[in-house]
Amino acid sequence: MTLWQLVAKEILHRKLRFALGVFSVAAAVGCFTGSATLLRAHDIGTQRILAAKQAETEQKMAELEDDMRKATLKLGFNVVILPKRQALADWHADGYGTEYMPEEYVRRLAESGLVTVRHLLPTLQQRIKWPEQDRTIILIGTRGEVPDAHVSPRRPLVQPVADGTVVVGYHLHLGLGLSKGERIVLMGREFVVAECRPEKGTEDDIAAWISLGQAQELLGKEGLINAILALDCVCAEGALPTVREEIGRVLPDTQVIEHESKALARAEARSRAAASAQATIQRETEHRARLRRKAEAIAATLVPIVLVACAVWMGFLALENVRERRSEIGILRAVGLRSRQVLAVFLSKALIMGLLGGAAGAVAGLVAGSWLASALEVAPAHAAGIGDLFEPRASLGALLLAASLACLATWIPAMLAAQQEPADILREE
Amino acid sequence: MTLPLLEARALSKQFASPKGGVQALADVTLSVDAGEFVAVQGPSGSGKTTLLLAAGALLKPDTGRLTLDGVEPYALNPDGRARLRAEKIGFVFQEYHLVPYLTALENVLVASLPKPAADARPAALELIEGLGLKDRAEHVPAALSTGERQRVALARALLNSPRILLADEPTGNLDRENMVIVLGRLAEFAAGDGAVLLVTHDDGVAGRAERTVHLRAGRLVDP
């Protein structure tokens, strides 16, 4: 016969009381574990919600980036480089420059190593009277994109127009009944219609594009251009001054203006969208943090109350147990059991109660916490299963807490039992 | 010359009560030799149980000196006294003090709790058999008669082969048949070089002892 056997026999004898004690510990630990599980589910939910929002934002931003690239492509260019002496008022009024600069500038710029300016397109543009058709058109000479010498060649944004061919705007081909492949005469020179452009609703609708060399020849401006268009350059969000400064260093007698505000507006819209998405994530983060603080506050109030209530209840059960076993304590001491062995008898029982209640409470708390997390939509559906919420360390902690709680709650009654004078008990009996 | 197994010299013990101090023992001097069966008689409240508890190293007297098998229990610390009780003293009480959730056999084995030993179980079974409880070994106290309970309590007291048995009204609740069994076993124990100090009201029971001392108001008196 050992003390452990004595404890086990006593537990079996007073099953109901023992079960009540186990239930009490389980309730305390369950409340603790449930709260911790709920908070953990909340944290996992927060992580997943924010990750989903981040991914969604990144996807939207990628789409915007793509849209931006396409938009920039369609808009044609971002900045235009003009001779310094060009009056901008005239340029805006006419839609093209009246001053000229050497075509060689574009090569110099392409070889300069500037990274802010890409897709250089030299043009010579002038409003002319089409003598053969008696109508005013905008003649645009273009030679296509000049490749950067310092970077690998990219897909050109604007295709060149071959010598002897012409691309005609909407109103021109509509008004003259032109179609692709037809031959026309422009300023005494024969051209083949290479492309008929769809309607754009801009001056492009009355434009005719021919090769730059032929345009220079027809307009008597050999070796000259009046603008360099820089397409898809890195000029968004206040970078224009940098572009100006860099170009100014390479081509001192030029000026740079932002030609098409739509591209910039799109870039800004994209930036605003990015900022807005980030703000949404930030708001969600703060919202989740507020929810967590509320949950923490409830747990911080509820858990201690339940712990204390359970401890008091366990203490009461232990006190009742000591009272019931007074005669037993007397005889145990009379046969030679030391007071600390009597203490051990009561604390061992509390320990078993604590461990069983702790295990039951930890499991119940985990299941209840998981269920509550789902019911209260703390975490997105199926975002946090029991497997995700189970933390071995926390469970071990709960078990230790339960054992400590049970032993502490039983300590005073157990001490009372151990300190009882056997003579007093035996005399009274 | 052999020393007495139990020697009490001028033991006094007073209990506090709302009406003032109650002198439970007053200058009690008594010695019990090995092999002796001594009965203590006296009216209720005369201090018989107090004397028994003091002799059993359970109740320290206010004054006086007690020696048990050459050891002064009250000179020892509580652990030492507990060890002394486990090794040298057996108790039998009128109310048995059996543990309700243990079987008769387990109740006997309770005496081995302070120092569990492998041979305790066979020894307990032998004692139970010797006291005619072989068929009742696996019964809990509630299923035993009063006589059987007292015999279980006696077996428990005997398990550790004590030097002295202290019995407080052990036959108070027993019928004649059980009384004979219990007293017979006590006498047998005393005859085996032990000693028995038995408290009783009953002259017939006291008559089984070799010597009877009388207590009145805490003092040993002539009959």
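Start by selecting Val110(B), which in this predicted model counts as buried because it has 24 C-beta neighbours inside 10 Å, where 20 or more are needed for that label. Val110(B) sits in the loop between α3 (104–109) and α4 (120–130) of chain B. With Val110(B) still highlighted, add the residues that it touches, leaving aside those up to four places away in sequence: Val99(B), Leu102(B) and Arg156(B) belong to its own chain, while Met1(A) and Val335(A) belong to chain A. If you then pick the C-alpha atoms of Val110(B) and Leu159(B), which are 49 residues apart along the chain, you should find a separation of 9.2 Å between them.

Next, colour the whole of chain B, which contains 7 helices and 9 strands. Of its 223 residues, 53% count as buried, and among the contacts in chain B with a separation of 6 or more, 72% are between residues 24 or more positions apart.

Within chain B, select helix α5 (residues 146–158) together with helix α6 (residues 176–191), whose axes come within 9 Å and cross at roughly 10°. At that angle, which falls under 35 degrees, α5(B) is described as roughly parallel to α6(B). To see the contact itself, show Gly147(B), Gln150(B), Arg151(B), Leu154(B) and Leu158(B) on α5(B), and on α6(B) show Glu177(B), Asn178(B), Ile181(B), Val182(B), Arg185(B) and Phe189(B). Sorted by class, the contact of these two helices has 5 nonpolar, 3 polar and 3 charged residues.

Now turn to the place where the two chains meet, a contact that takes 26 residues from chain B and 23 residues from chain A. On the side of chain B that touches chain A, the elements α1 (48–55), α2 (78–88), β5 (89–93) and α3 each supply at least two residues, and the largest share, 6 residues, comes from α2(B). Colouring this side of chain B by class should give 18 nonpolar, 3 polar and 5 charged residues.

Move on to chain A, which has 13 helices and 11 strands and in which buried residues make up 37% of the 429 residues. Here, residues 24 or more positions apart account for 82% of the contacts with a separation of 6 or more.

In chain A, select helix α1 (residues 3–13) and helix α10 (residues 339–375), whose axes come within 10 Å and cross at roughly 55°, which makes α1(A) oblique to α10(A). The crossing of α1(A) past α10(A) is right-handed. The residues to display are Leu3(A), Trp4(A), Leu6(A), Val7(A), Glu10(A) and Ile11(A) from α1(A), facing Gln341(A), Ala344(A), Val345(A), Ser348(A), Lys349(A) and Ile352(A) from α10(A). By class, this contact has 8 nonpolar, 2 polar and 2 charged residues.

Finally, look into the interior, where the largest nonpolar core has 127 residues, and where those with the most contacts inside it are Val25(A), Val108(B), Ala155(B), Leu186(B), Val196(B) and Leu197(B). Helix α2 (residues 15–75) of chain A gives the largest share of this core, 12 residues. Apart from this core lies another one, of 41 residues, in which you can select, among others, Tyr105(A), Leu212(A), Ala227(A) and Ala230(A). As a last stop, centre the view on Leu186(B), which touches Phe37(B), Leu165(B), Ala167(B), Val196(B) and Leu198(B), again not counting residues up to four places away in sequence.

Conventions. Residues numbered from 1 in each chain as written. Chains lettered and ligands numbered in written order. Predicted model: local features only at pLDDT ≥ 70, side-chain atom pairs only at ≥ 80, totals over all residues. Core = buried A, V, L, I, M, F, W, Y, C linked by C-beta atoms within 7 Å. Buried ≥ 20, exposed ≤ 12 C-beta atoms within 10 Å, placed from the backbone. Helix = DSSP H or I, 4+ residues; strand = E, 2+ residues; numbered from the N terminus. Contact = placed C-beta atoms within 7 Å. Axes fitted to C-alpha atoms, helices over the stretch in contact; angles between N-to-C directions. Parallel < 35°, antiparallel > 145°, perpendicular 65-115°, else oblique. Nonpolar A, V, L, I, M, F, W, Y, C, P; charged D, E, K, R; others polar. Left-handed = near helix turned anticlockwise from the far one by under 90°.
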